[in-house]
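Colleague: Got a minute to walk me through this one? I'd like to hear about the cysteines and the aromatic rings.

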Amino acid sequence: MEEMILVTIVMVSMVISIEAETAISGLHVLNPETVSYTTDNQTVVNLSFNFTNVANEPFYVNTVVIQLTDALYPEAVEKSKSFECVFRPFIPVPAKDRTEVLNRQVGIRCDIESCRFYKYLCATIKGQKIGSACISLTDTEGGVVKCADFAIDGFSMDTTEELIYKINDGVPITAWTKVHNNGKTDIPESTTELFAVKAYFTDSARFYDTDTIKLPDGGISTTPADNSKLKQAYDSNGDKIDIQLTSDIVLPQTECDEFTHLCMVLEVDDVINDAVEDNNYHCLQLGKQPLDNGAGLANCTTTSGGANFKLNAWSWPLFTLVVMYALY
């Protein structure tokens, strides 16, 4: 019995010593600019660790616990579920030395209730209360958090008149679009604009495809009739908010002959409100007038001073009628 008691005391002493002398001295996320954490699915990230052991005995790392937090340990209050990185075999850390472990994959997901509070990605050796490492949730360190999801749902011209866009000559338009929060967390009211809406001429209805032409650079600004709608709260899966917009649309000369669509695009101020980028736009076809749910015509001036209109299967009948009327 005395021998069993002695063994128990030695084991407890060892745990306390390890907690004080072994730490995660480095934590890195591979390609953080491509990493985002959402409330929908686990994001698989590649993590690298540096373990430092200042004890006189080797240490073996079994499991590292990963959490998203609102502050550095131990001050963190809002913490995500724990996600474990388990090492098989255990990682040896020699006495008074350090060990680097590269590219270990862990799946991480935001809790809906706490998502907006997360500022750090933290790691600690399982079973220890100190010796953790934390990095900021930015696109240069730990990746970014995306809690909510602004989305645009529809875009239409508020006119029955024909629209013909010209190079170096602004054409005033009034348009309507619908915006809603497609995410799982609410977007609170803001004192500044949560998003802007920009217009672009493109050669595709797929705005974010890598080979899509999008001009002009930076887009064409629009002005909302009610600016408060860009600052108001948007509840999770709440109402679709109608927003009336005005703008002077100038047709870019560069790549003019390639344009097939006019797109309205949400440019979200904070990435936390933009979980899915691909629902941030809606495009109308050029060569069709607003009465036919189109954007209008693009007049690409030729070098000889004439006009080169963008025509397609829908606009040929209209063009034919115009020419016949002129000849008559």
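**Rings and sulfurs**

Modeller: Let's start with phenylalanine 49, which is buried, with a relative accessible area of 0%. Buried means under 20% relative accessible area, exposed means over 50%, and partly exposed is in between, using a 1.4 Å probe and protein chains only. Keep in mind that this is a predicted model, where local features need pLDDT of at least 70, side-chain atom pairs count only at pLDDT 80 or more, and totals for chains, interfaces and linings use all residues. Residues are numbered from 1 along each chain as its sequence is written, and side-chain values use heavy atoms, with hydrogens and water left out.

Colleague: OK, and how is the pair of phenylalanine 49 and phenylalanine 51 arranged, stacked or edge-to-face?

Modeller: Their ring centres are 5.8 Å apart and the planes are at 20°, so that pair is stacked. Rings of Phe, Tyr and Trp (its six-membered ring) pair if their centres lie within 6.5 Å; planes under 30 degrees apart count as stacked, over 60 as edge-to-face and the rest as tilted. Phenylalanine 51 counts as buried too, at 0% relative accessibility.

Colleague: And what about phenylalanine 49 with phenylalanine 87?

Modeller: Those two have ring centres 6.1 Å apart and planes at 90°, so they are edge-to-face. Phenylalanine 49 lies in strand S3 (residues 43–53) and phenylalanine 87 in strand S5 (residues 83–93), so the pair ties together parts that are 38 residues apart in sequence. Strands (E, at least two residues) are DSSP runs, numbered from the N terminus.

Colleague: How many aromatic pairs are there in the whole structure?

Modeller: The search finds 12. There's also an aromatic cluster formed by Tyr200, Phe207, Tyr208 and Tyr281.

Colleague: What sits over the ring of phenylalanine 207?

Modeller: The charged end of lysine 214, at 5.5 Å from the ring centre. A charge sits over a ring if NZ of Lys or CZ of Arg is within 6 Å of the ring centre and within 35 degrees of the ring normal.

Colleague: Switching to sulfur: how many disulfides does the search find?

Modeller: Four, from a search of the whole structure. A disulfide is a pair of cysteine sulfur atoms within 2.5 Å. One of the four joins cysteine 115 and cysteine 147, with sulfur atoms 2.0 Å apart.

Colleague: Where do cysteine 115 and cysteine 147 lie?

Modeller: Cysteine 115 is in the loop between strand S6 (97–108) and strand S7 (120–125), and cysteine 147 is in the loop between strand S9 (144–145) and strand S10 (150–157), so the pair ties together parts 32 residues apart in sequence. Both cysteines, 115 and 147, are buried.

Colleague: Is the link of cysteine 122 and cysteine 134 right-handed or left-handed?

Modeller: Right-handed, with 110° about the S-S bond. Cysteine 122 lies in strand S7 and cysteine 134 in strand S8 (residues 133–136), so the pair ties together parts 12 residues apart in sequence. Cysteine 122 is buried at 0% relative accessibility, while cysteine 134 is partly exposed at 24%.

Colleague: And the torsion for cysteine 256 and cysteine 300, what is that about?

Modeller: About -80°, so that disulfide is left-handed. Cysteine 256 sits in the loop between strand S16 (241–249) and strand S17 (261–268), and cysteine 300 in strand S19 (residues 297–301), 44 residues apart.

Colleague: Last one: which cysteine sulfur is nearest to cysteine 110?

Modeller: That of cysteine 115, 3.8 Å away, and cysteine 110 is in no disulfide. Cysteine 110 is buried, at 3% relative accessibility.

Note on methods: Helices (H or I, at least four residues) and strands (E, at least two) are DSSP runs, numbered from the N terminus.
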